[in-house]
Amino acid sequence: MAYYYMEPSRTFSEFLLVPNLTTKACNPANVSLKTPLVKFKKGEQPAYSLNIPFSSAVMQAVSDDRMAVALARSGGISFIFGSQSVESQAEMVRKAKSYKAGFVVSRSNLTPDHTLKDVLELKERTGHSTVAITHDGSPNGKLLGIVTGRDYRVSRDSQSKSVADFMTPFEKLVYGKSGITLSEANDLIWDHKLNCLPVVGDEGNLEYLVFRKDYDEHKVNPMELLDANKSYIVGAGINTKDYRDRVPALVAAGVDVLVIDSSDGYSEWQKDTIEFVKSNFPQVKIGAGNVVDKEGFQYLVDAGADFVKIGIGGGSICITREQKGIGRGQASALIEVSAARDAYYEQTGEYVPICSDGGIVHDYHITLALAMGADFVMMGRYFARFDESPTRKLKVGNNFVKEFWGEGSNRARNWERYDTGGKAGLMFEEGVDSYVPYAGSLQENMSKTLHKIKSTMCNCGSISIPELQRNARITLVSATSIVEGGAHDVILKENNIAGE
Ligand SMILES: NC(=O)C1=CN([C@@H]2O[C@H](COP(=O)(O)OP(=O)(O)OC[C@H]3O[C@@H](n4cnc5c(N)ncnc54)[C@H](O)[C@@H]3O)[C@@H](O)[C@H]2O)C=CC1
Ligand SMILES: O=c1[nH]c(=O)c2[nH+]cn([C@@H]3O[C@H](COP(=O)(O)O)[C@@H](O)[C@H]3O)c2[nH]1
Ligand SMILES: [K+]
């Protein structure tokens with residue numbers, strides 16, 4: 001006879017936290033969100049910790065080198081997507097690892113033959129007002145000039161005016177030479193009252209741009225997640241098929257932490273993959289998943305996983321439960337695995353962090369996930385909304401949106417067909433192609449979210465994540481009390497906008 005779970009599967013929205021005594025020490029300013037990323041022994045420190053409990057999903061529409069830098073700068077980690085060729089993924093890891101805080105590879109580039117119309121379209125698409133003009137329109141081409149908003153007047157200039165006629169040409173630019181330090185670059189920026197300083201190589205090719213604004217930000221990023229060489233900590237997703245080729249390339253590119261990316265981690269393929277990494281690259285950490293029960297957790301821990309990822313079918317773009325009928329409510333999965341993790345710690349003195357992956361809709365879901373025992377969360381939709389995600393920003397109706405598609409959708413899987421030359425499409429899709437509302441910059445949004453989490457933790461009498469995990473009191477909510485929790489029995493004024 002089949003085994004039956006007697007309790008229904010539950011999701012985050014079915015729970016609330018009940019406040020504990022808030023002592024005077026419980027002030028958001030005193031809250032630490034530091035959390036372990038990989039396993040460690042009692043009394044020791046983990047090899048990697050996060051300064052905030054956030055990771056960005058292993059997805060084409062979320063985690064590229066740019067997101068990796070933006071998130072590490074704020075204290076979290078990105079796992080760069082693996083559904084691309086080994087070479088291009090390794091290149092992204094290399095870029096993120098070699099990124100020098102404050103130096104950015106130019107993202108908006110045109111040639112002198114482009115027109116004002118092209119400049120305006122590019123600006124609309126990327127939101128950048130500084131455009132590098134290179135001989136071939138590439139980010140590292142020979143630098144011929146720079147265009148900023150001060151170089152043209154939309155009301156006066158013809159849209160067909162060529163860039164060569166209004167750019168600030170190279171001869172008139174102040175620029176830094178290859179190898180310049182950030183503080184030297186900043187001195188040039190101040191001496192010449194610049195907003196942006198191009199850094200140029202010996203051949204006249206553009207290497208980086210340094211923005212005044214970024215320098216200021218670098219100064220105010222105390223949470224930055226750096227390795228011993230002051231490079232950002234970078235993660236990458238791998239699969240259980242081509243790991244013999246992929247892992248060596250990622251390690252050569254400098255990756256710090258790997259994660260096996262799969263909808264179903266309770267498998268012998270994962271055990272083989274972990275063993276390969278552990279025996280060939282013992283210095284590299286590897287997480288595994290996804291699982292939704294204590295058996296799956298224990299299997300991956302026994303195989304040597306450094307952390308375990310929880311969640312099947314709860315993601316915003318997921319249709320796995322509908323397509324295949326597998327999965328479990330995210331809260332139920334997390335509660336069971338976290339109890340298994342604690343029991344394992346009691347028995348062995350080894351603490352294996354767990355990551356709650358998918359299904360975070362409201363900011364308070366993150367706090368609930370932590371209270372239920374997650375050490376950190378992984379989010380796709382949340383990060384896809386920001387400037388830093390790799391996808392296009394579009395205007396649909398009166399609203400700006402960003403593209404966001406599942407890794408199990410046809411759109412994500414097309415790369416395999418291109419790479420291997422004509423493999424058939426997916427038998428069936430496990431994800432959708434969608435839009436998410438555009439939300440602005442990562443830092444602005446995240447600081448709001450983090451403040452909410454800290455404030456709730458104070459309500460619960462906790463100033464650290466382990467304390468919250470120990471002290472939290474969590475209640476199930478009935479369908480009727482959910483109604484009570486929203487605005488009810490009042491007539492809302494039109495300018496009331498539902499918050500996140
Ligand atoms: N978290 C979730 O709920 C879900 C996530 N996804 C995402 O979609 C993407 C694809 O996920 P999956 O389809 O689960 O990928 P997968 O690569 O884990 O599995 C695909 C299929 O290949 C098989 N397989 C794996 N390794 C093999 C090997 N070495 N030899 C032979 N067969 C092997 C698996 O058993 C499975 O049938 C991932 O990015 C994943 O995160 C998709 C669905 C649900
Ligand atoms: O069923 C699925 N089909 C897909 O195509 C797919 N792509 C990603 N994922 C998983 O969803 C997580 C992100 O979830 P959120 O957007 O809710 O944060 C991710 O971290 C993944 O675990 C998928 N699940
Ligand atoms: K399985």
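**Exercise 1. In this predicted model, determine how strand E22 joins strand E23, and what place E22 has in its sheet.**

Solution. Start with the pair itself: strand E23 (residues 399-405) is joined to E22 by four bridges, and the two strands run antiparallel. At the level of single residues, Lys393 stands opposite Lys402 in E23. Next, place the pair in its sheet, which is open, has three strands in the order E22-E23-E24, and is paired in the antiparallel sense. Strand E22 (393-396) and strand E24 (433-437) stand at the edges with a single partner strand each, so one side of each has no neighbour in the sheet. Finally, neighbouring strands of this sheet are turned against each other by 45° on average, with direction ignored.

**Exercise 2. Work out the strand order of the sheet that contains E7, and say which helix packs on that sheet.**

Solution. The sheet is open and its four strands follow the order E7-E14-E13-E12, with mixed pairing. Its edge strands are strand E7 (103-104) and strand E12 (176-177), each of which pairs on one side only. Taking one pair from the sheet, E12 and strand E13 (residues 196-200) are parallel and share two bridges, and Lys177 stands opposite Val200 in E13. The helix that packs on the sheet is H5 (residues 182-191), which touches E12, E13 and strand E14 (206-211), and its direction makes about 130° with that of E13.

**Exercise 3. Check the span of helix H15 against expectation, and then find what its buried residues pack against.**

Solution. Helix H15 (residues 442-459) has 18 residues, which at 1.5 Å a residue should span 26 Å; because the end C-alpha atoms are 26 Å apart, the two values agree. The buried residues of H15 include Leu442, Met446, Leu450 and Ile453, and Lys454 is also among them. The partners against which the buried residues pack are strand E1 (15-18), helix H1 (65-74), helix H12 (363-371) and helix H16 (465-471). After H15 comes Gly461, whose phi is positive, near 70°.

**Exercise 4. Describe the residue shells around ligand 1 and ligand 2 by their closest members and their classes.**

Solution. Begin with ligand 1, which has 23 residues around it, with Thr240, Ser262, Ser263, Trp269 and Glu407 coming nearest; by class, this shell holds four nonpolar, 13 polar and six charged residues. Ligand 2 is surrounded by 25 residues, of which Gly315, Cys318, Gly406, Gly408 and Gly431 are the closest. The shell around ligand 2 divides into nine nonpolar, twelve polar and four charged residues, and strand E21 (376-379) and helix H13 (381-384) each supply at least two residues of that shell.

Conventions
Residues numbered from 1 in each chain as written. Chains lettered and ligands numbered in written order. Predicted model: local features only at pLDDT ≥ 70, side-chain atom pairs only at ≥ 80, totals over all residues. Near = placed C-beta within 6 Å. Nonpolar A, V, L, I, M, F, W, Y, C, P; charged D, E, K, R; others polar. Expected span 1.5 Å × (residues − 1). Buried ≥ 20, exposed ≤ 12 C-beta atoms within 10 Å, placed from the backbone. Contact = placed C-beta atoms within 7 Å. Pairing = 2+ DSSP bridges. Axes fitted to C-alpha atoms, helices over the stretch in contact; angles between N-to-C directions.
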